[in-house]
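Morning, everyone. Please bring up the sequence and the model, and keep both in view while I talk.

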Amino acid sequence: MSTRFLRYFFEPRTLAVIGASEKTHSMGGLVIRNLIDSGFPGSIWAVNPKGYASVHDKPCVRRVHELPQVPDLAVVCSPVAGLPRLIEQLGRFGVRAAMVLSGGAHLDDRTGDGGSIRERMLASARRSGIRVLGPECLGMIVPGRHLNATYASQPVKAGRVAYLGQSGMLGNAMIDWAAGRGIGFSHLVTLGDSVDVMLADLIDYINQYSPCQAMLLHLERIHDAQHFMTALRESSRNRLVLAIKSGRTPGSDLSGAPPTPGVANRDVIVDAALARAGVVRVDDSDELFDALETLSRMKPLRGDRLAIVANGLGPALLAIDKLIDAGGRLAEFSEQTRRALTDGEFDISLPGRNPVDLGGNASPERFVEALEVVAADPNTDAVLVVHAPTRLAPSRATAQAVVANRRRFKRNLLTSWMGLEEALSARHECNLAGIPTYISPEKAVKAFMHMVDYQRVQAQLQETPPSLPFTTTAAIRERCHRLIGEAKTRQRDRLTHEETAQVLAAYGIPAAPSRYVFTPQQAAEAASALSGRMALKIVHERNCVPFRYRQHPHKLSAGLLQDLQTPEEVADGVRRLGAKVEEKFPDSRIYSYCLQEMQRGKHSLQLCAGITRDPIFGPVIVFGIGGYKVNVLADRQVALPPLNMTLANELIERTHAAKLIGEHSRDPQRDIERLGQLLVKLSQMASDLPELKGLELNPLLLNSEGLVAVDFAMDLGEPARHAIMPYPEELREWVELSNGMRVEIRPIRGEDAPLISEFHAQLSEESIRFRYFHNKADLSKRDLSRLAQINYDRQMAFIAEHQRADGSKEMLGVVRVWNDPDNIRTEFSVIIRDDMHGHGLGRLLMEKMIRYSRGLGTLEMVGKIMVDNGPMRSLMKRLGFTSHYNMEEQVVDAVLRLNEPASDWQRHRLENQPY
């Protein structure tokens with residue numbers, strides 16, 4: 001997956017329609033007519049085996065190889081049976097991009113020659129390198145380039161919002177809806193059931209080459225979670241991204257993926273992933289349409305405070321209920337606004353307060369006067385007009401007055417003209433004027449909250465997480481890898497209870513003291529050393545698997561005995577449990593018996609925490625109420641690793657368990673902190689141990705003394721691929737500088753924002769100018785988040801860190817690279833603290849980054865250096881960079897070849913040819 005050749009889809013200069021026809025209702029005929037009607041400026045050719053001289057006055061040939069030249073883009077509308085052979089022909093002819101609109105029920109039919117039509121299409125594409133979008137896609141519309149290569153029934157205006165979807169019919173509905181509202185798009189693409197070009201590729205391309213103000217996504221399937229998350233995270237940092245995901249329930253899930261252990265509905269994982277990527281999720285198609293209205297017509301918000309002006313209290317109260325339920329805030333007017341509203345006798349219900357009820361006899365002029373007062377209030381971020389038609393204030397007349405005076409209102413304006421007959425004309429007036437308008441007050445509030453949610457997501461992305469409570473060492477990782485390796489050597493796909501306890505101990509996760517015995521005699525001896533009541537659990541193959549829950553909550557577990565008091569009872573318990581397992585599970589190997597003191601009398605809360613593996617998103621952290629009954633899944637919440645303390649606390653706050661802690665704990669903040677630290681340790685474990693498939697701590701007891709895992713299970717699988725690349729611990733190393741100072745060179749992490757801020761404050765103006773090409777006295781919160789919270793899939797930053805005598809740490813220098821999505825080029829920057837110049841630190845950092853980038857397979861490292869930055873130019877020369885003066889930007893471009901290109905496409909990219 002990459003952006004290779006995607007330019008030919010978005011910016012074709014020449015185009016061939018395969019299967020073009022003059023038949024009124026044929027797909028090929030609709031496509032070529034849409035291309036002509038959109039004013040496509042390039043050459044258009046038709047290909048039809050019937051040998052027409054022309055189709056809609058465009059030259060036509062019988063076969064692909066008869067085309068006068070190689071088109072940039074082929075739009076395929078021919079029958080599906082011939083698609084694999086056609087893709088082969090197009091690739092051999094030199095076509096770089098093919099958009100397949102054809103589809104049908106036979107795409108997955110298998111033939112005797114090996115594979116379905118879909119599989120053979122992909123094989124044909126890979127042989128020649130041609131990129132294929134589709135089959136069953138609607139096509140692509142780029143109004144700014146007069147490109148409409150679809151069978152859509154409506155023309156599309158140019159706009160500021162990109163729509164990328166996986167359903168052609170939903171795309172058609174979006175086009176028709178937008179046409180009725182006079183709303184445009186910057187891009188509109190649907191993939192259908194694409195075999196090659198994926199949604200993440202399109203997002204990457206738009207991020208790089210075709211910026212838009214906002215992006216709407218319709219998701220059905222997610223193929224490569226890591227690529228998808230990387231593209232989304234980059235996109236959401238620069239624009240509002242909203243997504244709707246079908247397949248929320250098992251009945252509509254087309255992925256065919258197996259269930260995720262420990263998670264009742266995998267949609268909560270999609271929720272967690274989208275939130276982590278900074279994407280605002282909408283629940284239904286109505287919301288998606290309303291979101292497009294909002295995005296196209298509202299300016300960015302300053303906050304979440306909404307004022308309401310209505311001609312009746314009832315509709316206004318409905319809007320308030322929706323606002324509060326959705327987490328918004330009702331604006332509290334300033335004293336000046338209250339006085340103006342009271343003096344003007346605007347409000348007949350709540351004088352001077354929000355909402356402003358003008359009454360049923362409010363004239364259009366009265367509405368305008370009230371709106372001007374409210375929209376000037378400094379404590380208001382947006383104003384919602386709610387209007388029901390009356391004889392004294394017809395909807396259309398009121399809408400016309402609002403439109404005519406809209407420049408007098410200093411805040412974003414949303415309108416809801418309630419009703420159907422008279423309200424239609426009012427909505428039409430607002431549509432023509434570009435003012436967002438909605439059928440009901442509730443829909444208007446929901447649309448407002450999309451903008452608010454985006455603001456909140458962006459604020460969360462810019463938060464600096466507190467320091468990590470725990471980091472692993474090579475010794476910890478090696479110990480756990482050895483345990484896992486020994487289990488796999490013995491042909492086991494799970495650890496025993498005792499082995500899992502050792503892994504927990506290595507990561508500092510407290511577990512209940514346990515004694516593992518194998519015979520009744522050993523059990524009696526162990527019991528004699530314990531005091532109080534005891535619990536005995538049999539550990540065998542069938543119960544060493546995490547996330548196994550009973551379908552019948554009233555039945556007790558057959559593998560556990562509680563409240564044993566004497567050694568004799570414990571010894572007898574071993575015999576009883578052993579006999580029971582041999583009877584029920586004769587093929588299940590018994591590993592041991594676990595003996596513990598009963599954990600009672602401490603007012604403990606039973607919780608569950610662990611790691612599971614989703615077939616799409618990989619490792620997932622789970623948390624919620626504990627217990628072994630199926631109904632505990634109702635409180636199960638999830639998050640994608642890696643986690644920091646901020647993300648861990650946010651996960652906890654989403655559960656019912658957090659409410660119980662808030663109500664019953666003597667120190668809720670302390671307990672939430674303990675749980676957050678535990679979840680961060682689990683996240684670290686998921687990153688360190690890729691073969692860990694599942695881990696469940698259940699019950700996990702929380703009380704005034706702390707946390708203790710009473711029971712636990714861990715199973716193993718193939719190495720996992722994380723949806724978000726974890727922190728690369730293996731890249732840490734210690735070096736000694738020429739002045740004898742020992743420093744650690746390690747990848748940067750989100751918690752390093754305070755270090756970066758302190759480092760920046762110690763730089764001279766000249767060093768800052770050399771790095772940023774202008775004087776940047778202070779770093780904003782947004783700057784710090786971008787510098788510290790990087791995406792290791794596309795970026796890397798190594799910092800040099802030194803520990804002072806008092807134990808505190810300081811940052812001495814940093815080197816960064818930014819990779820393009822295709823890993824062709826990476827752009828570097830490096831900056832060293834002024835007092836550390838001349839000690840070889842800059843060279844050490846650059847050499848480490850060069851080794852790292854070369855190992856990734858990146859082809860070229862580039863950087864821009866100011867002409868008067870002599871020391872940097874000298875360092876680049878010693879490192880083997882070639883430099884030349886860039887007259888246009890008046891800087892020196894430094895270039896280092898890291899690896900040789902493996903394809904013509906890579907060579908063209910290196911030579912800056914338009915591919």
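I will go through salt bridges, then cavities, then a surface patch and one distant pair. One caution before the details: this is a predicted model.

Salt bridges first. Side chains of opposite charge can pair when their charged atoms come close. The count here comes to 61 salt bridges. I picked a few.

Start inside one helix. Find α9, residues 285–297. Arg297 and Glu293 both sit in it, 4 residues apart, which is about one turn of the helix. Their side chains meet in a salt bridge, 3.2 Å from N to O. Are these two buried or exposed? Glu293 has 0% relative accessibility, so it counts as buried. Arg297 is at 15%. The cut-off for buried is under 20%, so Arg297 is buried as well.

Now a pair that spans the sequence. Asp711 bridges to Lys537, with the closest N and O atoms 2.7 Å apart. Where do the partners lie? Asp711 is in the loop between β32 (706–709) and β33 (712–716), while Lys537 is in strand β25, residues 534–540. The pair therefore ties together parts that are 174 residues apart in sequence. Check the accessibility here too. Asp711 has a relative accessible area of 12%, so it is buried. Lys537 comes in at 14%, again buried.

For contrast, go to Glu66 and Arg63. They form a salt bridge with the closest N and O atoms 3.7 Å apart. Glu66 is partly exposed, at 34% relative accessibility. Arg63 is partly exposed too, with 42%.

One last item on charges. Which residues make up a network? Arg248, Asp267, Asp271, Arg281 and Asp283 are linked by salt bridges. Select those five and you have the network on screen.

Next, empty space. Rolling a probe the size of a water molecule over the atoms shows where empty space is left. How many cavities of 30 Å³ or more does the structure hold? There are 4. The largest has a volume of about 110 Å³.

Let's look at the walls of that largest cavity. The lining has 14 residues. Nearest the centre are Phe759, Tyr772, Val814, Arg816 and Ile831. Which elements each supply at least two lining residues? Two helices, α23 (753–761) and α24 (765–772), and two strands, β37 (809–819) and β38 (825–832). By class, the lining of this cavity splits into 10 nonpolar, 2 polar and 2 charged residues.

Now out to the surface. Val867, Tyr885 and Met887 form a nonpolar patch there. Together they offer about 330 Å² of accessible area. Tyr885 belongs to strand β40, residues 882–886. On its own, Tyr885 has a relative accessible area of 44%, so it is partly exposed. Patch members need over 30%, and Tyr885 clears that at 44%.

Last stop, one distant pair. Go to Phe346, in the loop between α11 (335–343) and β19 (356–357). It may be a loop residue, but Phe346 is buried, with a relative accessible area of 7%. How far is Phe346 from Leu564? They are 76 Å apart in space, C-alpha to C-alpha. In sequence, the separation is 218 residues.

To recap the numbers: 61 salt bridges, 4 cavities of 30 Å³ or more, and a nonpolar patch of about 330 Å². That's my slot. Thanks.

Terms used: Residues numbered from 1 in each chain as written. Predicted model: local features only at pLDDT ≥ 70, side-chain atom pairs only at ≥ 80, totals over all residues. Heavy atoms only, no water. Patch = residues over 30% accessible without salt bridge, like charges linked within 9 Å, V, L, I, M, F, W, Y side chains within 5 Å. Areas by Shrake-Rupley, 256 points an atom, 1.4 Å probe, with all protein chains shown as cover. Salt bridge = Lys/Arg side-chain N within 4 Å of Asp/Glu carboxyl O. Buried < 20%, exposed > 50% of the residue type's maximum accessible area, 1.4 Å probe, protein only. 1 Å grid on protein atoms, 1.4 Å probe; cavity = no way out; pocket = protein on both sides within 12 Å on 5 of 7 lines; lining within 4 Å. Points joined across faces, edges and corners; volume = space filled by probe spheres on them. Nonpolar A, V, L, I, M, F, W, Y, C, P; charged D, E, K, R; others polar.
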